Amino acid sequence: MNPMPKNLELLEANNLTITFGGLSALKNVSFQIHNNGEILSLIGPNGAGKTTLLNILSGFLKTNEGSVVYKGEDITRLDPFSIAYRGLLRTFQHISLFPNLTVLQNVLTGFHCKTKGGVFGAILNTKFFRKEEEGIRTNAHEILNKLDMEKQKDVLAGGLSYGDQRKLGIAIALAGGPELLLLDEPVSGMNPDESKRMMDIIRSLKASGVTILLVEHDMKVVMGISDRIIVLNQGEKIAEGTPQEICQSEDVIRVYLGDTSFVMSEQTETYTYEGL
Amino acid sequence: MLFIFALIAPIVFTDVYHRHLMVLFGIFAILALSLDVSMGYLGELPLGHAAFFGLGAYASALLALKLHLPFWLTLPLSGLFTGIMGLLIGIPSFRLKGPYFAIVTLGFAQIVYLIVTNWVSFTRGPMGITQIPAPVIKLPYFSTFTFATEFSYYYIVYGTVLFSIFVTEKLINSRTGRAILAIRENEPLALSIGIQSYYFKLIAFGVGTMLAGMGGSVYAHYFRVITPDLVGVYYMVNALMMVMVGGVGSIGGALLGAFIFTVIPETLRIVEDLRLIIFGGILLVSIIYLPKGVIRGLEALISVCLTRIRSKN
Amino acid sequence: MAFWNILAQQLAFGIVNGFGYVLLAIGLTLIFGIMNVINFAHGEFYMLGAFLVYTIITYLHLSYIPALILTTFVVGVMGMICEKIAVRPLRTRHELSLLLATLGLSIILVNGAQLLWNPRPKQIPNQLEELSIVFGNVYLTYQRVFLVILAIALIVFLQFFIKRTTMGKLLRATAQNRDGAALVGINIDWIHNFTFGLGSALAGISGALLGSTVMIYPYIGQTMVMKAFIIVILAGLGSIPGAVIGGVALGVVEAIAAGYISIEYKDAFGYAMLIIILLIKPSGLFSTKKV
């Protein structure tokens, strides 16, 4: 992948619009993800269009209105696998792993777009093939160690605990060497302990240079790690800004009426999330 | 993935009957493995798969009889032929999934059957092809050696089975293999990490049909007579049962299935007429109660025993 | 002059066969539309219909029409029994498992039939087949005319049944949303059982009717099931009007192909049609679903 000029946005979403059978899932959604290793969160009530947006960005949904530009290249019409090769990877909200393979095999599979080996290399056991296999095995162990899953490397993915399954989903995506990683509700269903650990993982991803777009409902997580937040409601972008700006935005509060975390912030006037 | 190298000794059984059975087992093992690659590792159901077995038999026979090529050439060439046919049929077929894919491959298989049965000038139709030559080696100082007995042919089969296992195993434990499995396990996820599913489905299918064709070739030069029903329903069902009952997506499973379905027809000789009914029943029962095949049950059993032994020490 | 006569005759045969196919196809499409099951054993119920009517006439000495009525019920009941044994246990599983299970069922039925009635082709003794009517220059046996009339009557009746009766409403509800239907108290087990029985009965009628126009042998179900699939996929799984048009179309195409191109390969045209449709519009010509 070519190094990008610094002033180019990593990703631009321009006027994305898509309707399903008369219902507008997204209406003129535009935003940019900067090329500075930020964590951008996408929030909004259920049905706001967050997953639809993720699907469009990653190539699983196609739309005729609007465009997605990644590193200066229009990727709106590309297949998901081509998008992966360009460094844009994602996780899935529900099962984001290969259930009947072991944890290690799952991660090894993730290296697909970073390796080249073909059928003949495998059958003839060429030197190239062997070197590549060794290389990805080493990298796989590194990733598993980073995510604290090394001990489970031979466990079948389908048998993991829920929290570990989420971590595995991230491990697989990491293996693909993402520059931009889309995470679809990474902490949903997790208890506070697991959420905190996931937040640490996401922070360390950012530290290693990965830009992250995060879709999430859990406000503690969103407020705790985001550099910027975008708020969607009924398919439209209604707010964009830093966490402070967002929780002071009247539009957002109106949409989230009833969410006590926002009410709390008004009372305390500060916005910190320590000691989850 | 258990790779139990349960090895040879057809020298133990000295009567023709048992050796014949072992050759048959080998041929079915190739067929089962080929379907396992096309189906078990891929996660789709190519109902038309076994037609490639028959196609390979015909290709090999015709190459031997019309072009006078030796077995050592007709075997790989028929494999190549069926592999390419598999790709050609796969290209349109893999635009579909699930039952539609199954039916369209079945449709192609039926067309092949019709052609083989009705193109009498080329394939001799329902009369079949006879007098297919047995493999021959011309050794420099010894006289030419013909592989015409069960004993000698066994080693040809054995070699081909080993080759099939080798190819399958190497394929699966590679980047390509992981991609194929990934498509089966979770296609959207596979796409999202860069796996071009259409391409890999074709590869898996092509390898599977190639192996099936080689199996057909081995069949043709052993039995020396082939008829259109090799391209028909019977072998399709047999192959499916071997893989489903033995164990989908596992080399051991395919071999086990082939073994079961070589042995059972023989033990059921007494109730010859009921044989297929029992087969159907076995298929039904195993789908309901043993969806992953006998091999998984065995694997589970073995691991339970091993844990018991270990905890006792 | 002779050309038009032959053409008309072929077309007539084609239409007759087509209506036979339609009944078979409606049965299959009902089973798919309501139960989401791809029934590979469907052809076997066609075969059973033919053989049962043969057996009843030959051994119970009933005439054709009473035999037909009796056969319909018996085949329907057999369908219900098979559903209980082979389909219901797999309801929660992947649709491919169901497909394989119906394949297993089909094997059992075909080979059971081969045992019960030997493989030699037989003729159903049917007086209707022995006399003919003439329309202009086209000769059709009474049986063939009867087939078309009965088929049309059944099609009309079925449409009425599904659209206007309460039972029909239950069927449509289950087809649209199985779990929802269960939640409002509809007995899904019974609906599925009934549907399978109905579909199989239709196949049986088709077999009894069309079987009278040809020689029958245990394997006729296997070719018929492929024709039914062709029609149903062509038309769109679950569409009855589509099945009607598709069935007649297939009958006509086959007749023309057999008469003018090649008898041996006439089935191939059907398969070719199937493959082409699956590649262009897999959801079928009359369906709006996306595959």
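**Chains A and B**

I started with where chain A meets chain B in this predicted model. The contact draws on 30 residues of chain A and 21 residues of chain B. I then looked up which elements of chain A do the touching: helix 2 (80-85), strand 6 (88-90), helix 3 (103-110) and helix 4 (119-124) each bring at least two residues to that side. By class, I noted 18 nonpolar, eleven polar and one charged residue on the side of chain A that touches chain B.

**Chains B and C**

Next I went to the other side of chain B. Here 33 residues of chain C are in contact with 31 residues of chain B. On chain C, I found helix 4 (95-116), helix 10 (220-235) and helix 12 (266-280) each giving at least two residues to the side that touches chain B. Helix 4 of chain C has the largest share, with 14 residues. I sorted the residues of that side of chain C by class and got 25 nonpolar, five polar and three charged.

Which of the two pairs of chains in contact shares the most contacts? I have that down as chains B and C. I checked chains A and C too, and they do not touch: their nearest C-alpha atoms are 12 Å apart.

**Helix 2 of chain B**

I picked out helix 2 (residues 51-66) of chain B for a closer look. It has 16 residues and runs 22 Å from its first C-alpha to its last, close to the 22 Å expected at 1.5 Å a residue. Is this helix mostly covered or mostly exposed? I wrote down mostly covered, with 14 of its 16 residues buried. Just past the end of helix 2 of chain B, I spotted His68(B) with a positive phi of about 55°.

**Helices 2 and 3 of chain C**

Last, I looked at a helix pair inside chain C. The axes of helix 2 (residues 42-60) and helix 3 (residues 64-87) of chain C come within 9 Å and cross at roughly 135°. An angle over 145 degrees would have counted as roughly antiparallel, so I logged helix 2 and helix 3 of chain C as oblique to each other. Their crossing is right-handed.

I also went through who meets whom. From helix 2 of chain C, the residues in contact include Phe45(C), Leu48(C), Gly49(C) and Leu52(C). On the helix 3 side of chain C, I noted Tyr64(C), Ala67(C), Val74(C) and Gly79(C) among them. By class, this contact between the two helices of chain C has 13 nonpolar, three polar and no charged residues.

Conventions
Residues numbered from 1 in each chain as written. Chains lettered and ligands numbered in written order. Predicted model: local features only at pLDDT ≥ 70, side-chain atom pairs only at ≥ 80, totals over all residues. Axes fitted to C-alpha atoms, helices over the stretch in contact; angles between N-to-C directions. Helix = DSSP H or I, 4+ residues; strand = E, 2+ residues; numbered from the N terminus. Parallel < 35°, antiparallel > 145°, perpendicular 65-115°, else oblique. Left-handed = near helix turned anticlockwise from the far one by under 90°. Contact = placed C-beta atoms within 7 Å. Nonpolar A, V, L, I, M, F, W, Y, C, P; charged D, E, K, R; others polar. Expected span 1.5 Å × (residues − 1). Buried ≥ 20, exposed ≤ 12 C-beta atoms within 10 Å, placed from the backbone.
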